[in-house]
Amino acid sequence: MCGIAGSFAPGDGLGADELTRRVTAMATCLAHRGPDDEGAFADERAGLALAQRRLAVVDLSEHGRQPMVSASGRTVIVYNGELYDTGPLRRELEAGGVAFRGTSDTEVLVEAIDRFGVRRAVERAVGMFAFAAFDREQRTLTLVRDRLGIKPLLVAADERRVRFGSELGALLAHPDQVARIDRGAVAALARRLSLPGTMTMLEGVRQVEPGTIVTVRERADGGLALTTERYWDLVAIAADGAAARADRARSDADVLEEVATAVDEAVRIRMLADVPLGAFLSGGIDSTLVVATMQAASPVPVRTFTIGSDVARVDESAAARAVAAHLGTEHTELVVTDADAAERAPGILAALDQPHGDSSIVPTTLVSELARRHVTVALSGDGGDEGFAGYARHAGAARLARLGRLPRPLRTVAAGLAAGAVATLPAGAWELASRALPSSRRPQLPADRAAKLALALAARDADDLHHRLTSAWTEPSRLVLDAQGRPGRVVEPPSWTRAWDRTGWPADAVERVVLADTLGYLPDDVLTKVDRASMSCSLEARVPLLDHRLIELAWRLPLRSRLREGGTKWALRELVARRVPRTLTERAKAGFALPVDRWLRGPLRAWGEDLLAPAALAEGGLLDAREVRRRWDAHQRGRADHQHALWVALSIAAWQRRTGIRT
């Protein structure tokens, strides 16, 4: 696991020393991603420079150092990530005459690229990765990102220069990088709480799409030509899987055995490391499944870590503790108090490479720091919700399809009444009302659930439901000054739109929402959060439930194996129940949530007042002070819960203050 950076400018005529100096400065900004080693490579004839900061996890010797040159000398690589189960590929390369110097996965990858080419090598790779490979014979640079977007890779390109890095800060360290804010991207961030698709905070800087290869070639006139190809297409995989289901009748028992085998393998190969390893444990279905599988495969107790809150409604530490005790793990937990929030949250937000409006970045960072005191690698349960339809909105899409049979006027009236109740009643009233329900049916964050119900009742179809439930600022152009047009109703990578328009698939409401989350919310929000939080403290986070083979399997399964009446993630729940009593895991889900609504009225109020003061916002020149203050004042008086909208505004303001970027 590492931070990588580089530049390719064949016509600049810079010497090796200057190329090295520039790329080393870029990599220095990534030191938190790789505290164990650093290296640089420059080819002044090609105008190429590569650099890396290393977090040593597999092969801690000098044979794992990067940038790494293949044995033939043709291919040089900088690589961030981990490949798992490289044994078969390594043995094949050895049979073909490759003499390996060490045991790192980087060396297997660079030799596979040298032998098979980038596409064939990456199609055989199982893992998480973002890398740059340079072919010294063809003078071609290739940038590749893993299938699901687990690891980040940003690129800035014009006709004669390309720069890339694991974070925006690395690009900003290059003297050629222009820092001009993309206001359309900021508006999309305000809507979605995260930067969607390929967007970044700066014009001219984009994320490499998951599952794609970007190839940079030098043209005859000395300029550069960029082409992008997709080596893994989830839309096509999901469509093919759905079509194949009709031809394969499977019993529940068969489904569970197939999923169990895939999960066991995904976890097993991610337990291989030359450093201490543990896991995050919330006590929910996904993390419990990962930990239970680890514990079954481990000869010693697995190290597990969780974060709790002193606010009972969002605290999951007791559940995690009970699961850990049942499984026999070596468990460590940390309770976050209001004082902790006031002390840590502002610094965590300000230190982000780019603004991120999901407040769970705070507990994710804290649990990463807790784990890093004991281990270098931690497995996470992220991805189970996307792979196996685990979010409330997935079940909501099924209900919406049934509601569609009701007369539209009746739905409109119900939606209006629900919206009126949400707008009128303060958050505390919903808390009081929820106490009338049995504890087993009492929702977490009832005010938030009520607001989502009102939005769902007003939704026209599954696409509209997803759009409403994933929007914080429904009219972001009212927040972002001079935004370059409003973001689209749903911000989608082009491949989604083309496939859906061409085939009309998926017609099923649930599958449309699940696919949208896997292609959008997962890489844009969840994986960005996990990557930034874990790498901020040099912790490698591995996500076995996002093994691409498990995701492919999920789309071949009948929908009822994921979602059926009475529960989401059916297959995963059944697998957990084989190892942990249902009473320990079947409960209302809180996630790694913290009481941000209350914090903004209490320990974080002074911080928020400072960042969102009209004068401060006017100086930043990006956010509309009147609109922000209207929501801030309503939230402070308890008339509404604007925690999500305010948190993303705070994240943007904190980023601007730290970077000083105003344009």
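A salt bridge is a side-chain nitrogen of Lys or Arg within 4 Å of a carboxyl oxygen of Asp or Glu. The model examined below is predicted, so local features need pLDDT of at least 70, side-chain atom pairs count only at pLDDT 80 or more, and totals for chains, interfaces and linings use all residues. Residues are numbered from 1 along each chain as its sequence is written, and side-chain values use heavy atoms, with hydrogens and water left out.

**Exercise 1. State the average pLDDT of the chain and describe residues 486-495.**

Step 1. The pLDDT is the predictor's confidence in each residue, from 0 to 100. Its average over the chain is 87, and 84% of the residues score at least 70.

Step 2. Over residues 486-495 the pLDDT is below 50. Beyond near neighbours in sequence, this stretch has 26 contacts in the model, a contact being heavy atoms within 4.5 Å.

**Exercise 2. Determine which salt bridges arginine 101 forms, and whether each residue is buried or exposed.**

Step 1. The structure holds 50 salt bridges. In one of them, arginine 101 meets glutamate 107 at 3.2 Å, N to O.

Step 2. Arginine 101 also forms a salt bridge with glutamate 111, where the closest N and O atoms are 3.8 Å apart. This pair links distant parts of the chain: arginine 101 lies in the loop between helix H2 (87-95) and helix H3 (105-116), and glutamate 111 lies in helix H3, ten residues apart. Helices (H or I, at least four residues) are DSSP runs, numbered from the N terminus.

Step 3. Buried means under 20% relative accessible area, exposed over 50%, and partly exposed in between (1.4 Å probe, protein chains only). Arginine 101, at 43%, is partly exposed. Glutamate 107 is buried at 0%, and glutamate 111 is buried at 4%.

**Exercise 3. Identify the residues with the most contacts inside the largest nonpolar core.**

Step 1. A nonpolar core is a set of buried Ala, Val, Leu, Ile, Met, Phe, Trp, Tyr and Cys residues joined through side-chain atoms within 4.5 Å. In soluble globular proteins, nonpolar side chains tend to be buried together.

Step 2. The largest core has 91 residues, and Ile77, Phe129, Phe131 and Val259 have the most contacts inside it. Helix H20 (residues 509-535) gives the most to this core, with ten residues.

Step 3. Not counting residues up to four places away in sequence, phenylalanine 131 touches several residues, including Ile4, Ile77, Leu109 and Leu153.

Step 4. Apart from the largest core lies another, of 62 residues, among them Ala185, Leu611, Ala645 and Ile661.

Key: Helices (H or I, at least four residues) and strands (E, at least two) are DSSP runs, numbered from the N terminus.
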